[in-house]
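The following paragraphs lead through one part of a structure and then turn to a single residue. The reader is invited to keep the model in view while following them.

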Amino acid sequence: MDPVPGGRRPLWGPPRDAIPAAAQACARDGADVLVRINRDLEDAVADIRAAVIPGVTGLVIPKVHSADHVALLDEVITSVEEDQGLPAGHTSLMLLIETPAALRRVDHLASGSPRVAAMSLGVHDLAAELDVAPDSELLLHAHERLVLAALASGIAPLGVVGAPPMSDLTAYAAAVERARQLGYRGGTAVHPTQVPVLRDGFGPTREEVDLATRMVAAFEQAVREGRGSVRVDGRMVDEPVARRARRTLRAPSAQRRHH
């Protein structure tokens, strides 16, 4: 939500005092709730004071530009958590990388605070800064940099590749699949109809779950027999492959698809 010029009321989204009720409504099905704050420091601090509450899991930080920026907001959040009686580290951060300068520092940003749990590319803002289309090859390079930085730091890269029309769910599903192949762990939606596409697109397929199940079972049997690898469907399965298969089976949708 960006502030009205000259004022402190948000232009988009509900007023700050509506956050507790909105968070409660959004969390009814067990979902984590994140609140996007303003970039301007004065508004950002006011947003943090309103949004760092028990019902909010984390904050989305737009136009992050440096590790110092993240550290400053971390300090404010820590103070508010103490005032609210919340445990230290209660509030996670999702960083939006929206400028070339931030992309250049993306490795430092990914590890800029223990609170950072995810990063995403602000595709339209970055495309405007670079004067290219949101689906240009240059943006693909930006996606790759973000994914590698996030995974190297142990946080989640979130996003879809390209900018499909909101009403074209087929194109959106293709963008999700491309993002998954690139290494993204999840994405963001601008309309509720896109949520099932995200859930299905980033979860393993039934075939992937079945293969992972057989890989893990065969590898564990091989280890019991004193062997370090085994073949499954013509593929060699050793410890790294088995580890990836176990990760597939731990995905939230894996059990649902297995049955």
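Two strands are said to pair if DSSP finds at least two bridges between them. In this predicted model, strand E2, residues 58-61, meets that criterion with E3: the two run in the parallel sense and are joined over four bridges. Within this pairing, Ile 61 lies opposite Leu 95 of E3. The connection between the two strands involves helix H3, which spans residues 67-84, and E2, H3 and E3 together form a right-handed β-α-β unit.

E3 also pairs with strand E4, residues 116-121, again in the parallel sense, here over five bridges. In this second pairing, Leu 93 of E3 stands opposite Val 116 of E4. How is E3 itself placed with respect to the rest of the structure, buried or exposed? Strand E3 covers residues 92-97, and five of its six residues are buried, so the strand is largely enclosed by the rest of the structure.

A separate site is found at Pro 134, in the loop between helix H6 (123-130) and helix H7 (137-152). Pro 134 has a relative accessible area of 23%. Because buried requires a value under 20% and exposed a value over 50%, Pro 134 counts as partly exposed.

Which residues does Pro 134 contact, leaving aside its neighbours within four places in sequence? They are Val 123, His 124, Ala 127, Leu 139, Gly 162 and Ala 163. For Ala 163, which is 29 residues away along the chain, the C-alpha atom is separated from that of Pro 134 by 6.0 Å.

Definitions and conventions
Residues numbered from 1 in each chain as written. Predicted model: local features only at pLDDT ≥ 70, side-chain atom pairs only at ≥ 80, totals over all residues. Heavy atoms only, no water. Buried < 20%, exposed > 50% of the residue type's maximum accessible area, 1.4 Å probe, protein only. Right-handed = clockwise from strand over helix to strand, strands pointing away. Contact = heavy atoms within 4.5 Å.
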